[in-house]
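Me: I should like to take a close look at a single part of this protein chain, namely one helix and what surrounds it. Please begin there and then set that part within the rest of the structure.

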Amino acid sequence: MSKTNNFDVQSTKICVLCGRTDDCPEKYGEKRTYVEYSLTVHYYCLLMSSGIWQRGEEDEGVNGFLIKDIRKEVKRAAKLKCNICKKKGASIGCVTPKCKRSYHFPCGLQRECIFQFMEDFRSYCWEHRPVQEFMDKEPRGASQCTICLDLVEHLPVYTVLKSPCCKNAWFHRECLQYQALSAGIFFFRCTVCNNKDKFQKEMLRMGIHIPEKDASWELEENAYQDLLHCYQHCDVKKCLCKKGRDYNEPDSKWEIKRCQYCGSRGTHLACSSMKSWEQNWECMECRSIFAKSGKYSKQKKRALATSEKTNGTTCLLEEPPLKSPRQSSGSPRSFLLQSPKIMCQNLSPCSHLEQPASNRVTMSLSPVMSKRNWSLRHLKQQRKEVSNILKELKIQVKTKATRLNINAENCWSSALKGFRQRIFSPTNTIEVNFSNCKNRLKTNTSAVSKHHFFQLLMLHLQNSSLFEGSFGKNLSFDFQAVKENLYFEAGKMIAVSLVHGGPPPGFFSKTLFNCLVYGPENVKPVLEDVADVDVAQTIKMIKYANSLSSLQSTLQDCCEFLTAAGCLRPVTALCDKNMLVNDILIYHVIKRIALPLESFRQGLKTLGVLEKMQKHPHVFSSIFCHKPEILSAETVCDLFTIHSSSDEGADFWMGYLQDVESGDSLVTLEDILLFVTGSYYIPSVGFDPEPTLKFLHIRYPIGNRLLNCLELPITKTYQQFKNKMELTIRNTLRVERE
C-alpha cells in the first residue's frame, strides 16, 4: 500500500537513522515524517545506508524502501558506533575492503566522506575516498569559479573540484552541488564548454548528487507566461499621452511601436515624432550599443518619394535612417555616438511634433569613447537603476530644512553633533554651513556646501577606525565606538547621504555587503577579508601546511589565538585544516564584529535604504562595492538635456568635452560639473533638477546651480567657444576657492 502521501515535514522530529532534527533538503535530502508508522527519516540517510535495498515499487513505503526493511536497518545500525561522533546508529560503512569505519550520513559529510549517488550508492571514508588526478605541470594558483564568480584555489582538496573536460575550469564543491540540485540531470553540465556526459560522470564519482528531475526553472508554474505578452509601454523620457504610458490605440498617433531590435522598449508614435507609415524604431539602449560597436553611425533621415496607393492617396515612405559621421564646420571631429537628450529650443511639445526630421538636432561622441567593455556598461546601467530607486526614497524628504554647522577641519565631530541634535530629522531638507570659512560667496553656495560636506563625510568614514582593510573594507571591532554607538551613526550617515545627494560609499568588501543584505549566517568569508597581517599569516600557514606534523606544529604555535577564537581542537588528518581555516575566517571576519554589524545595519535602515538594498542587492552592490565612475566626456554629455536650435553650437559643446577629456584644456570635467551643479561628483540619487544646457545670445557661459542649468554663448568659431569656456570656468572657480 502506498503511504507516500501520509507524511508531514516536521523539523522537530528526529531521523531514525542519523538521530538529528536538522531539516536541510540540500544537505540531507527531504525529511519526511510518517505519522502512521511513527517514523521520520532523511531521504539521503536512507539511500546511503549499507544494509537496505529498494525492494518495493516507487509508490510503496518510502520511495520503494519498505517500512519493515527500514525498521530492520535501524536495528542493525543501533549496534554500530560512529567513528566520528562516537554515538550508536551508524548505518553507513566504507565500501573499501578491510575498512571497518561506520558513520552517520551528516557526520560523513562533516568529515568530508564521499557518497556516490549512482548504481549501488557506495560510500567512501575520508581515507579511502576517490580523488581527482592533478598533473604536475598544472598551475597551483587561483581562478574564478564560474558559478559563484569567487576565487577558487587550484588545490587537491575536498572542497575544490576540477572539470574533466576543460583544462582551466575549477569549481567550489558547494557551488556544483547547488547547481546540480537546481538544474537536474537534464541540464547539469560544464558551465564552460557545456559538456554533459563526461562532466556528469566525473561529478557523480566525486560525490555530487544529480537528481533525476527536470530543472527547477522548468517546473515553475507559468514561468514563461510573460513571453506570450507583447510589450506595450511608452518608455520615452516625456510621454505626451494624457491617458498614460500604457495606452495603445492602433492606427493613430497613440499607437505603441516596439524597438525593432530588442522588443523590450516602446514609444507612442507621437512621443518620438514618428509618422504612421514609419516601421523602424530603435530604443536608446540598442542605438547606443550599435553605435559603440561601430556597426552604424547617425545621419539625418532622407525621405524618398515613393508612390504607394493607400485608400486612393499617395504618401511618402521613409527608409530606415543610415548612420554615418556628421562633420561640424567649426570642428574637424566626427561624432559616432548619438546623444539621447536633445530637444529643440523654445518649442512646445506639440510644435516639436511638427518639426521635420531634417530640422531635428542630433549629436554624437567620438570613437575614443566607444572602447567601453560590457562590464562597465552593465555597471553604469545598475547605477542608473539605483538612482531611480533612491529617487523613490527621496519622496520622503520634506521642504522643511535642518541646518548643520560643519567645521571643515573636524568634519566628523561636527557631523556627529548635528545628526544627534534633537531637532535633526533625516526627512528634512539638509542645509550645510561651514562655520570656519571666512569668505563666503552670496550666490548659490548652499548646494556646493552640501555636496562638499557629504564628500568629506564619506572620505572620513572610509579612513576611520570603524572599517579595516585596504580597498574592499570590512567592519572592524572598536570597543569605544560600540560603546558610543558610532556604528549606528555611520550607517545612518551613509543612508542619509545616498538619499540627500551624497556620493556613493564605494569601499565596501563583497563580504560586508553580503552580510548586510543576506545576513551574516549566509556569508562565507575569504582570506582577503582579513586585514590583520598576523592573523592572515597564521591562516595561510594552516591553509598551506603540506603535512600533518607541520600542521600540528603550526597549531601549537598559535594555540592562544585559536583558543580565543574558539577554534582549538585536536587534528588527526591533514584534511582537517580546511574546516579549521573556514571556522577561523568566520570567527575573525563575522562573529567577532557581530555587535558592530547589527548596529550598522540598524543605522542603514534610515529612510528605508537597507530594505531597498535587500530587495535589489545586485544593483546596490555597484555603488557600495565599486569606486565611483571616473567622469568621461560621454558621461557628462549624457548628463545634460540639451535645448538647442543650432547644430553648430551643439557640436562645439561636444568637441570641447573631447578636448577636456584628452587633456587639451586648462579645466577638467570635474570643474565643468562643479561650475554647473556645485558638485565634483554625480550623486547616486542623481541631480535635482536634472542638468540642462541652453545656447543663448550671451557673451559668456553662466552656471545656474539652483536650476543645474548651463547657459552657453552662440559663437562663430569653435576657438571662440573654447576660449570663453576656459576663461569663465577658471575665473569663477578660482574666486570660489579663494
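**Helix α19 and its surroundings**

Reply: In this predicted model, the elements that cover the buried residues of helix α19 include β26 (474–475), α15, α16 (533–543), α17 (548–557), α18 (559–565) and α20 (594–604). The buried residues beneath this cover are D576, K577, N578, L580, V581, I584, L585, H588, V589 and I590. A residue counts as buried when its relative accessible area is under 20%.

The length of the helix can be checked by a short calculation. Helix α19 comprises residues 576–590, which are 15 residues. The expected span is 1.5 Å times one less than the number of residues, so for α19 a span of 21 Å should result. The end C-alpha atoms of α19 are 21 Å apart, which agrees with that expectation.

One of the covering elements, α15, leads to the aromatic rings. Helix α15 covers residues 510–518 and contains F513, whereas F624 belongs to helix α22 (residues 617–624). These two residues are 111 residues apart, and their pair links distant parts of the chain. A pair of aromatic rings is described by the distance of the centres and the angle of the planes. For F513 and F624 the centres are 5.8 Å apart and the planes stand at 40°, so the pair is tilted. Both values of accessibility point to burial: F513 has 3% relative accessibility and counts as buried, and F624 is buried with a relative accessible area of 0%.

A further ring pair is formed by F640 and W653. Their centres lie 5.6 Å apart and their planes are at 75°, so this pair is edge-to-face. F640 lies in the loop between α23 (633–639) and β27 (641–643), while W653 lies in helix α24 (residues 647–662), 13 residues apart. F640 and W653 are both buried. A search of the whole structure finds 24 aromatic pairs. Elsewhere, ring pairs join Y28, Y43, Y44, Y103, F105, F115, F117 and W126 into a cluster.

Rings also meet charged side chains. R173 lies over the face of Y158, at 4.0 Å from the ring centre. The charged end of K724 is placed over the ring of Y700, 5.7 Å from its centre.

Another contact between separate parts of the chain involves V496, a residue of helix α14 (residues 486–499). V496 is buried, with a relative accessible area of 0%. Beyond its neighbours within four places in sequence, V496 is in contact with F419, P426, I430, F454, T606 and L607. With regard to T606, the two residues are 110 residues apart along the chain, yet their C-alpha atoms are separated by 7.1 Å.

I430, one of the contacts of V496, brings the description to strand β24 (residues 428–434). This strand pairs with strand β23 (residues 398–406) in the parallel sense over seven bridges. Within the pairing, L404 stands opposite V432 in β24. Between the two strands the chain passes through helix α11 (residues 411–420), and this β-α-β crossover is right-handed.

Finally, the chain may be considered as a whole. Its secondary structure comes to 26 helices and 30 strands. Of the 738 residues in the protein chain, 46% are buried. Among contacts between residues at least 6 apart in sequence, 62% join residues at least 24 apart.

Terms used
Residues numbered from 1 in each chain as written. Predicted model: local features only at pLDDT ≥ 70, side-chain atom pairs only at ≥ 80, totals over all residues. Heavy atoms only, no water. Phe/Tyr/Trp six-rings, centres within 6.5 Å; stacked < 30°, edge-to-face > 60°. Helix = DSSP H or I, 4+ residues; strand = E, 2+ residues; numbered from the N terminus. Buried < 20%, exposed > 50% of the residue type's maximum accessible area, 1.4 Å probe, protein only. Lys NZ or Arg CZ within 6 Å of the ring centre and 35° of its normal. Contact = heavy atoms within 4.5 Å. Pairing = 2+ DSSP bridges. Right-handed = clockwise from strand over helix to strand, strands pointing away.
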